[in-house]
Amino acid sequence: MSKAKPFSRPIYITRPILPNLNQFKNKLKQVWQNQWLTNNGPQHQQLEKKLRLVLQVPYLSLFNNGTNALLTALKGLNLKGEIITTPFTFPATPHVITWSNLQPVFCDIDNDTLNINASKIESLINSKTSAILAVHVFGNPCNVQSIQAIAKKHNLKVIYDAAHAFGVEIDNKGIGNFGDITMFSFHATKLFHTAEGGALSCKSKKLKKKIDLLKNFGIVSEEQVIEAGINSKMNEIQAALGLLVLKHWRQEKQKRTQLFKIYRRCLKDIPGITIIAPHLNGKNSYQYLVIRINQEEFGYSRDYVYQQFRKYNVFTRKYFFPLCSQYPHYKYLPSASKSNLPVANQVVKEVLSMPFYGNLSLKDAEKICNILKSFQL
Ligand code: T4K
């Protein structure tokens, strides 16, 4: 194989959907005409209604980012004591537990889906446990049936972090219908985005009302404040952008399914390389394309591959290295010990997020795979 040349421009793992600038200017004109910039304005109301339908959930509340949404979910469910969660996630997941004066308890992950291993949850439950905070990592759904059964048996709440799972369905139902509350992130790096943004879905009008109060200081009216809320509102400019991005996300996903086919074809014969996400079964978000590198079979470690790619102007990412359980403020926890998390500690050394976005050409995806192959020669 002839040696591939480095890309002339940096290739990142993702690039945001950017709607036509003139269309965005037109949207901004509407905002200017309304002279209404935030606090549940017309753009916000439209986006909330449309997203509720796209995500197929009964109730949805928009937020200024996913982390604040998750923080509000914990507050809204009145949780106490310990929350069982995964160490293989973005820092936001355990940090919202800590910010709520609760204790994260790390549970090991499943070797195939990389999500919390439902069969390991029960041994971590004690009288202080009040909830399970699970993450649909890389858009691959958790074992929601088993998690629900455990929660029911032990009277626990279930919160799903679906930051990566926009538009995913489980048994033809929107993923936001599982658990007590589900969080979505609309950060610029997500399939659907509002630059920064997020949402919570839930199943009761009462809980939606509480969530909406909590994200707006607990204000009911000019003279009545009934909750110790915070300010986590999505503004009109974010919502206006979201309304335009919403017109493009299906096409973006379609382009990514084509890219996925290229990656699958080109990577299938490389010993030691497997694709983790998008998962072959079920309806994935096509949010990330994640490979796993078995050093023994491939001949080189994930860290070597990551470094080598940089020489070709390809900036892959080691999501989610290091594990959250290795952060200085969590590593002292008994549940953070390596012996409690053997699978997570192995997986985190092997995963690599590859470039994956609609504007990446099929030819460039093929070239990236050829570069990877060339490391073995
Ligand atoms: N739970 C989970 C499981 C999550 O993954 C996240 C966020 C959250 C909760 C919290 O949700 P938010 O509060 O963020 O809504 C990025 C995102 O900032 C973060 O939202 C996301 N997960 C995480 C997995 O990825 P970084 O620090 O890795 O992003 P950054 O700036 O390195 O961007 C990655 C690549 O994307 C860049 O190399 C280039 C490209 N990029 C990025 C931005 C911001 C662009 O092309 N344009 C852009 O505007 O965290």
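A polar contact, as I use the term in these entries, is a pair of N or O atoms within 3.5 Å, where, within protein, one must be able to donate a hydrogen and the other to accept it. The model I am reading is a predicted one.

**Entry 1: the two domains**

I began with the domain assignment, which gives domain 1 as 21–107 + 114–245 and domain 2 as 249–374. I then looked up the distance between their C-alpha centres, and found that the two centres lie 25 Å apart. The contact between them takes 30 residues from domain 1 and 35 residues from domain 2.

**Entry 2: the interface**

For the area buried between domain 1 and domain 2 I noted about 2,800 Å², of which carbon and sulfur atoms give 66%. Looking next at single residues on the domain 1 side, I found that Phe106, Phe138 and Leu191 supply 27% of the area that domain 1 buries against domain 2, which is more than any other three residues.

I turned to the polar side of the same interface and asked how many residue pairs are in polar contact across it. The rule finds 13 such pairs between domain 1 and domain 2, with both residues at pLDDT 80 or more, while the count of salt bridges between the two domains is 0. Helix H4 (92–99) and strand S3 (103–106) each supply at least two residues of the side of domain 1 that touches domain 2, and S3 gives the most to that side, with 4 residues.

**Entry 3: the nonpolar cores**

The largest nonpolar core has 49 residues, and I listed those with the most contacts inside it as Leu47, Leu51, Ile121, Ile147, Phe166 and Phe186. Among the elements that each supply at least two residues of this core are helix H1 (21–34), helix H2 (42–54), strand S4 (129–135) and helix H5 (144–154), but it is H7 that gives the most, with 6 residues.

I followed Ile147 further and, leaving aside its neighbours within four places in sequence, found it in contact with Ile116, Ala118, Ile121, Ile132, Ala134, Cys142, Val158 and Tyr160. A second, separate core has 31 residues, including Phe309, Ala365, Ile368 and Leu372.

**Entry 4: Gly358**

Is Gly358, in the loop between strand S14 (351–354) and helix H12 (362–374), buried or exposed? I count Gly358 as buried because its relative accessible area is 12%, and buried means under 20%. Leaving aside its neighbours within four places in sequence, Gly358 is in contact with Glu252, Lys255 and Arg256. I also checked Arg317, 41 residues from Gly358 along the chain, and noted that the C-alpha atoms of the two are separated by 18 Å.

Definitions and conventions
Residues numbered from 1 in each chain as written. Predicted model: local features only at pLDDT ≥ 70, side-chain atom pairs only at ≥ 80, totals over all residues. Heavy atoms only, no water. Core = buried A, V, L, I, M, F, W, Y, C linked by side-chain atoms within 4.5 Å. Buried < 20%, exposed > 50% of the residue type's maximum accessible area, 1.4 Å probe, protein only. Contact = heavy atoms within 4.5 Å. Domains from an automatic or database assignment. Buried area = accessible area lost by both parts, 1.4 Å probe. Salt bridge = Lys/Arg side-chain N within 4 Å of Asp/Glu carboxyl O. Polar contact = N/O pair within 3.5 Å; in protein donor to acceptor, adjacent residues only side chain to side chain.
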